[in-house]
Amino acid sequence: GTFMAEPHHVPHLFPSTTLIVDGNDVSLDLGVGTFEIRERDIAWVPNAPSSPSSPSSPSSPSGPAERLVPLRSVTLSAIATDASGRPCLYLQIDDGLSNGELSNGELSNGEHAEDPLEVLSEMYLVFSSTDDLHKAFEAMCQGALRNPDSDDEDGDNDDNEDGQA
């Protein structure tokens, strides 16, 4: 019971984590950064470029952007393997944009605009060690308990969580 006295949730930080994002039939490897599991959201912060003097990528001097996802938007977290067979943390993200509210650029092809499943994006996080992977998965489970989905508050899914504290 000593955990209840903790006033602030300390974020879990996992450096050297590779992020691969899957969405709309596009798989994007965003490289290595720090994965953070906070009290109400998760974040992936890309590492600063190791060689800023390198002119190899003038198109994106700032590199990949930080990704921030509210914990209650994570509909599924699981330990899986990525396309290369590496153990990873698989996250299914529901952006809550199932009414076609995506930004105009993402609907330019117009093919999938009506399909609500298209807003489900997937994230694969490859950690530097399986130890970090299991710690992150545990932290994601704890985060899900701290941030119950607003749709579940009518008691539908609470039956199996009683008495397990």
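Two strands count as paired if DSSP finds at least two bridges between them. Strands (E, at least two residues) and helices (H or I, at least four) are DSSP runs, numbered from the N terminus. This is a predicted model, where local features need pLDDT of at least 70 and side-chain atom pairs count only at pLDDT 80 or more, while totals for chains, interfaces and linings use all residues. Residues are numbered from 1 along each chain as its sequence is written, and side-chain values use heavy atoms, with hydrogens and water left out.

**View 1. Here's the whole protein, with seven strands and one helix.** Follow the sequence and you get the pattern β-β-β-β-β-β-β-α. Of the 165 residues, 27% are buried, meaning under 20% relative accessible area with a 1.4 Å probe, protein chains only (over 50% is exposed, and in between is partly exposed). About 10600 Å² is exposed, with carbon and sulfur atoms supplying 51% of that; these areas come from the Shrake-Rupley method with a 1.4 Å probe. Now for contacts, which means heavy atoms within 4.5 Å. Take those between residues at least 6 apart in sequence: 59% of them join residues at least 24 apart.

**View 2. Strands β1 and β2 run antiparallel, joined by nine bridges.** One bridge to spot is Asp22 with its partner Ser27 in β2. The hairpin of these strands has two residues between them, and Asn24 takes a positive phi near 50° there.

**View 3. Next come β2, β3 and β4.** β2 pairs with β3 (residues 41–46) in the antiparallel sense, over five bridges. Three residues make the hairpin connection from β2 to β3. Look for Glu36 standing opposite Ala43 in β3, and for Gly33 with its bridge partner Pro46, also in β3. On to β4 (residues 67–70): four bridges join it to β3, and the two run antiparallel. Trp44 has Arg67 in β4 as its bridge partner.

**View 4. Three Phe rings, those of Phe14, Phe35 and Phe127, are linked into a cluster by ring pairs.** Rings of Phe, Tyr and Trp (its six-membered ring) pair if their centres lie within 6.5 Å; planes under 30 degrees apart are stacked, over 60 edge-to-face, and the rest tilted. By this rule there are four aromatic pairs. Phe14 and Phe127 have ring centres 5.4 Å apart and planes at 75°, so they're edge-to-face. This pair links distant parts of the chain, 113 residues apart: Phe14 sits in β1 (residues 12–23) and Phe127 in the loop between β7 (120–126) and α1 (130–146). Phe35 and Phe127 are edge-to-face too, because their centres are 5.9 Å apart and their planes are at 65°. Here the partners are 92 residues apart, with Phe35 in β2 (residues 26–37). Phe14 and Phe127 are both buried, and Phe35 is buried as well.

**View 5. Let's peek into the largest nonpolar core, with its 21 residues.** Such a core is a set of buried Ala, Val, Leu, Ile, Met, Phe, Trp, Tyr and Cys residues joined through side-chain atoms within 4.5 Å. Which residues touch the most other members? They are Phe35, Ile42, Leu89, Leu91 and Met140. β1, β2, β3, β6 (87–94), β7 and α1 each give two or more residues to this core, and α1 gives the most, with four. Leaving aside neighbours within four places in sequence, Ile42 contacts residues including Phe35, Val69, Leu91 and Met140. Apart from this core lies another, of five residues, among them Cys88, Tyr90, Tyr124 and Val126.
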